[in-house]
Amino acid sequence: MIDFSLAVTHHLVVFALLAVLVAELALVRYGMDAAAVDAVGRIDLGYGALAAIALAVGLARAAYAAKGWDFYSHNLFFWLKLGVFVLIGVLSVPPTMKFIQWRRAQHVPTDAQIKSVRTYFWVELALFAVLPVCAAAMARGYGYYA
Ligand code: HEM
């Protein structure tokens, strides 16, 4: 039951995370106004919270679900997945800093600033696509080393 509950939670959280990232990309567009800046700033807080939950649930799956920590801790795809996930988290910091600054200063961003934030989002999305590949591989024991 623990395995099942963690698997369901894991899927719901990672889909929600992807949805929020896509929503942010849709909101940060050329010509965005102060209301959009405010909206994306608020949504971004949810992104951070979901990422933390995804990490906690993922680690709980690795430690307490059916296969056990030994299975994952000796798997290259598990560590690659974790590394890519952390990298996405690191790449999400500059956009978050921008949103905080823009909201505080009630600043409508320039085209150059919007372009820069959108680039971060696109790189995050591209890296996001690597995660299910690693997940499917590790779930099947590919990349296991003794
Ligand atoms: C947004 C990020 C993530 C995505 C998109 C994602 C995606 C997935 C998917 C699609 C599966 C099912 C694989 C399958 O059964 O074929 C899975 C399983 C799993 N994920 Fe994640 N995951 C994410 C984050 C994490 C994190 C951060 C961790 C751990 C630190 C983690 C640990 C696991 C574990 C342990 C499984 C179980 C694999 C198995 O059945 O043996 N995931 N993930």
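**Notebook: W69, the ligand site and a salt-bridge network**

I looked up W69 first: its relative accessible area is 37%, so it is partly exposed. The cut-offs behind that label are under 20% for buried and over 50% for exposed. I note at once that this is a predicted model.

**Overall layout**

I counted elements next. The chain has 7 helices and 0 strands. Read along the sequence, the pattern is α-α-α-α-α-α-α. I took the extent of the C-alpha trace along its principal axes and got about 55 × 25 × 20 Å. The chain holds 146 residues, and 35% of them are buried. Its accessible surface is about 8300 Å². Carbon and sulfur atoms account for 71% of that surface. I also checked contact range. Of the contacts between residues at least 6 apart in sequence, 81% join residues at least 24 apart.

**Nonpolar patch**

Back to W69. I placed it in helix 3, residues 69-73. Which residues form a nonpolar patch on the surface with W69? I found L55, L59, L76, W79 and Y145 alongside it. Together the patch has about 550 Å² of accessible area. Helix 2 (34-64) and helix 4 (76-91) each give two or more residues to it. W69 qualifies for such a patch because its 37% is over the 30% that membership needs.

**Ligand surroundings**

I listed the residues around the ligand and got 22. The closest are H10, K67, Y72, K81 and R140. I then looked at individual atom pairs for three of them. A polar side-chain atom of K67 sits 2.5 Å from a ligand oxygen. For Y72, an N or O atom of the side chain is 2.5 Å from an oxygen atom of the ligand. For K81, the ligand partner is a nitrogen atom, and the distance to a polar side-chain atom is 2.5 Å.

**Salt bridges**

How many salt bridges does the structure hold? I found 2. In one, D38 pairs with R42, with the closest N and O atoms 3.4 Å apart. Both residues lie in helix 2. They are 4 residues apart, about one turn of the helix. R42 has a relative accessibility of 49%, so I logged it as partly exposed. D38 is partly exposed too, at 31%.

In the other, R103 pairs with D38, and the closest N and O atoms are 3.0 Å apart. This pair links distant parts of the chain. R103 is in helix 5 and D38 in helix 2, with their positions 65 residues apart in sequence. R103 comes out at 31% relative accessibility, so it counts as partly exposed. The salt bridges share partners and join D38, R42 and R103 into one network.

**S92**

I moved on to S92. It lies in the loop between helix 4 and helix 5 (93-105). Is S92 buried or exposed? Its relative accessibility is 13%, so I logged it as buried. A polar atom of its side chain is 2.7 Å from the backbone oxygen of G89. Leaving out residues up to four places away in sequence, S92 touches Y47 and E124.

**Q106**

I checked backbone angles at Q106. It has a positive phi of about 45°, although it is not a glycine. Q106 is in the loop between helix 5 and helix 6 (111-128). At 71% relative accessibility, Q106 is exposed.

**Two points on helix 1**

I looked up S5 in helix 1, residues 2-27. Its relative accessible area of 33% makes it partly exposed. I took the C-alpha to C-alpha distance from S5 to F99 as 34 Å. The two are 94 residues apart in sequence.

F15 is also in helix 1. I read 57% relative accessibility there, so F15 is exposed. F15 and V28 are 13 residues apart along the chain. Their C-alpha atoms are separated by 20 Å.

Notes. Residues are numbered from 1 along each chain as its sequence is written. This is a predicted model: local features need pLDDT of at least 70, side-chain atom pairs count only at pLDDT 80 or more; totals for chains, interfaces and linings use all residues. Side-chain values use heavy atoms; hydrogens and water are left out. Patches are made of residues with over 30% relative accessible area and no salt bridge: like charges are joined within 9 Å, nonpolar side chains (Val, Leu, Ile, Met, Phe, Trp, Tyr) within 5 Å. Accessible areas come from the Shrake-Rupley method with a 1.4 Å probe; for residues, only the protein chains shown count as cover. A salt bridge is a side-chain nitrogen of Lys or Arg within 4 Å of a carboxyl oxygen of Asp or Glu. Buried means under 20% relative accessible area, exposed over 50%, partly exposed in between (1.4 Å probe, protein chains only). A residue is near a molecule or strand if one of its heavy atoms lies within 4 Å of it. A polar contact is a pair of N or O atoms within 3.5 Å; within protein, one must be able to donate a hydrogen and the other to accept it, and residues adjacent in sequence count only if both atoms are side-chain atoms. Contact means heavy atoms within 4.5 Å.
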